[in-house]
Amino acid sequence: MMIALPEGAPATLGEAFARINSVTAPTVTDIKVMVLVEAAGQTLYEKSAEVAEHPRVKELLIENGHEEMKHARRAAEVVKLLTGEDFPAPAAADNPYLTGHIPVAAITPEGLRKTAESEFAGDKLYENWASSIGHEGAAELLRANGREETDHGNRLLEAAAILEG
């Protein structure tokens, strides 16, 4: 069953990415948007893996996708810690940010490096959020996501190097 967007949430995935990337001290709505964006990330990586020709590059993309869903679940835990409210990470079919066009990363060394930059920026974003959240348990969950964003970036750089052969 499709999850309803939280009140005040951006309407599209692109708008949601823009919003979370501009926030330094998140509201609960921002964290809910992050749950949806991170859950969508699994699908984005899986769709990218479908068009990747090199088996190791496919593997790296799929691994990043699995971790995106872990991030969504952690963000959902943050919502629960802060509010007591359940806001579970949705499956792709239930995610309102996956109803339109699903963008696929360019599976070229340049495209993968560009995506890596956004993953590295995610580490800083999560650190900013953790520093401003005012809840130790929630902050640690956010920092765990940030550390893995760096891992994602490193995997993408590895994939780019493979393609450069």
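The protein contains 5 helices and 0 strands, and its elements follow one another along the sequence in the pattern α-α-α-α-α. The model described here is predicted.

## Overall form

The C-alpha trace extends over about 50 × 35 × 20 Å along its principal axes. For a compact globule of 165 residues, a radius of gyration near 15 Å would be expected; the protein has 15 Å, so the value agrees with that expectation. Of the 165 residues, 44% count as buried. Contacts across the sequence can also be described: among those between residues at least 6 apart in sequence, 75% join residues at least 24 apart.

## Helices α2 and α3

The length of a helix can be checked against a simple rule, in which each residue contributes 1.5 Å. The table sets out this check for two helices.

| Helix | Number of residues | Expected span | Distance between end C-alpha atoms |
|---|---|---|---|
| α2 (residues 28-51) | 24 residues | 34 Å | 35 Å |
| α3 (residues 55-83) | 29 residues | 42 Å | 43 Å |

For α2, the distance between the end C-alpha atoms agrees with the expected span. The corresponding distance for α3 likewise agrees with its expected span.

Helix α2 is mostly covered, since 18 of its 24 residues are buried. Within helix α3 lies the residue E77. Is E77 buried, exposed or partly exposed? Its relative accessibility is 41%, and buried residues fall under 20% while exposed residues lie over 50%; E77 therefore counts as partly exposed. The C-alpha atom of E77 is separated by 19 Å from that of A92, a residue 15 positions away along the chain. Just after α3 comes G84, which takes a positive phi of about 80 degrees.

## The largest pocket

How much space lies in the largest pocket? The volume is about 510 Å³. This pocket is lined by 22 residues, of which F17, L44, E68, S118 and E119 are the closest to its centre. The elements that give two or more residues to the lining are α1 (13-22), α2 and α4 (109-132). Helix α2, mostly covered as noted above, is thus one of the elements that contribute to this lining in that way.

What is the character of the lining by class? It has 12 nonpolar, 6 polar and 4 charged residues.

Conventions:
Residues are numbered from 1 along each chain as its sequence is written. This is a predicted model: local features need pLDDT of at least 70, side-chain atom pairs count only at pLDDT 80 or more; totals for chains, interfaces and linings use all residues. Side-chain values use heavy atoms; hydrogens and water are left out. Helices (H or I, at least four residues) and strands (E, at least two) are DSSP runs, numbered from the N terminus. The expected span of a helix is 1.5 Å times one less than its number of residues. Buried means under 20% relative accessible area, exposed over 50%, partly exposed in between (1.4 Å probe, protein chains only). On a 1 Å grid over the protein atoms alone, a cavity is a set of points where a 1.4 Å probe fits but cannot get out, and a pocket is an open set with protein on both sides within 12 Å along at least five of seven lines; lining residues have an atom within 4 Å of a point. Grid points are joined across faces, edges and corners, and a volume is the space filled by probe spheres set on the points. Ala, Val, Leu, Ile, Met, Phe, Trp, Tyr, Cys and Pro count as nonpolar, Asp, Glu, Lys and Arg as charged, and the others, Gly among them, as polar. The radius of gyration is taken over C-alpha atoms; the globule rule is 2.2 Å times the number of residues to the power 0.38. Contact means heavy atoms within 4.5 Å.
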